[in-house]
Amino acid sequence: MPDPSTLHVSHHPAVLHKLAVLRAETTEPKKFREVVRELSWLVGYEALADVRVRPITVKTPMESMEGAQLADRIGLVPILRAGLGMVDAMLELMPTAEVWHLGLFRDERTLHPVEYYNKLPDSASVDLCLILDPMLATGGSATAAIEVLKRWGAVRIKLVNLIAAPEGVAAVSAAHPDVPIYCAALDRQLNEKGYILPGLGDAGDRQFGTGKAG
Ligand code: PRP
Ligand code: URA
């Protein structure tokens with residue numbers, strides 16, 4: 001099992017409970033989307049723990065006090081399709097975040113990522129980028145996304161997943177040791193088709209009702 005210092009796996013009881021619901025093959029797309037959202041909130045909350053704030057003065061009905069306001073400009077980068085289900089929860093946590101969509105799919109034969117959509121502006125406009133994708137399998141898609149963001153000029157990048165495979169964690173942490181990985185579970189291994197075991201099947205298909213798990 002990889003255990004780089006950059007890997008943060010949540011052990012919160014609420015996360016463990018929701019993960020079991022998410023994984024169950026009987027969980028229908030509507031419930032699946034709901035739990036993706038809830039887990040994203042919980043994992044995202046941990047990933048955002050070191051975001052910078054600046055002091056502001058707040059006047060309560062009783063007196064003035066020093067409160068805090070988010071200072072970091074945050075970019076959310078959901079990897080299409082499956083990362084879409086994580087966006088709303090992250091926007092609830094960080095309402096001022098910008099959302100930059102990145103379209104990557106895994107070629108089912110080679111397992112290599114193919115980029116098909118990129119909505120990033122010309123130059124980096126945020127202090128911290130959070131890549132959102134429920135699944136970290138071989139790590140090909142995450143590594144490609146990180147490379148796109150680094151070429152774009154992103155300096156601080158974090159990867160937010162729900163389920164990670166040891167192979168994906170090893171690949172990302174070897175290629176990009178500066179990128180912390182936050183997830184709800186570190187699973188056992190990949191199968192011969194690059195699916196995570198025990199995993200949950202295909203996260204995109206399960207959210208959008210488009211197919212059977214591989
Ligand atoms: C899934 C998942 C990741 C990728 C992980 O997307 O959401 O993006 O696979 O696999 P990797 O670590 O081996 O690259 P998929 O390619 O199935 O596209 P989808 O979200 O459109 O279903
Ligand atoms: N993508 C998924 O959606 N599930 C896996 O298990 C691996 C990649």
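**Notes on the two ligand sites and a few residues around them**

1. An oxygen atom of ligand 2 lies 2.8 Å from a polar backbone atom of A203. Two further backbone partners are I196, with a polar atom 2.8 Å from an oxygen atom of ligand 2, and G201, with a polar atom 2.8 Å from a nitrogen atom of the ligand. Taken alone, ligand 2 exposes 230 Å², and the protein buries 89% of that; such areas come from the Shrake-Rupley method with a 1.4 Å probe, and for residues only the protein chains shown count as cover.

2. A word on the ground rules before going further. This is a predicted model, in which local features need pLDDT of at least 70, side-chain atom pairs count only at pLDDT 80 or more, and totals for chains, interfaces and linings use all residues. Residues are numbered from 1 along each chain as its sequence is written, chains are lettered from A and ligands numbered from 1 in the order in which they are written, and side-chain values use heavy atoms, with hydrogens and water left out.

3. Who surrounds ligand 2? The residues around it are R106, M135, A137, G194, Y195, I196, G201, D202 and A203; being around a ligand takes a heavy atom within 4 Å of it. By type, this shell divides into five nonpolar, two polar and two charged residues. Here Ala, Val, Leu, Ile, Met, Phe, Trp, Tyr, Cys and Pro count as nonpolar, Asp, Glu, Lys and Arg as charged, and the others, Gly among them, as polar.

4. Now to ligand 1. Of the 15 residues around it, R106, D133, T138, G139 and S141 come nearest. Its shell divides into six nonpolar, five polar and four charged residues. β6 (102-106), β9 (135-136) and α4 (140-152) each supply at least two of the shell residues; helices (H or I, at least four residues) and strands (E, at least two) are DSSP runs, numbered from the N terminus.

5. Oxygen atoms of ligand 1 have several protein partners. An N or O atom in the side chain of R81 is 2.9 Å from one oxygen atom, a backbone N or O atom of A82 lies 3.0 Å from an oxygen atom, and a polar backbone atom of R106 is 2.7 Å from an oxygen atom. Alone, ligand 1 exposes 500 Å², of which the protein buries 91%.

6. R81 deserves a second look. A cis peptide bond joins L80 and R81, with omega about -5°, and R81 lies in the loop between β4 (74-80) and α3 (87-93). Another cis peptide bond joins L197 and P198, with omega about 0°; P198 is in the loop between β15 (196-197) and α6 (203-208).

7. Is D187 buried or exposed? D187 is buried, with a relative accessible area of 5% (buried means under 20%, exposed over 50%, partly exposed in between, with a 1.4 Å probe and protein chains only). The side chain of D187 makes a polar contact with the side chain of R23 at 2.7 Å (a pair of N or O atoms within 3.5 Å; within protein, one must be able to donate a hydrogen and the other to accept it, and residues adjacent in sequence count only if both atoms are side-chain atoms). The backbone nitrogen of G199 lies 2.8 Å from a polar side-chain atom of D187.

8. D122, by contrast, is exposed, with a relative accessible area of 82%. Its place is the loop between β7 (113-118) and β8 (128-132).
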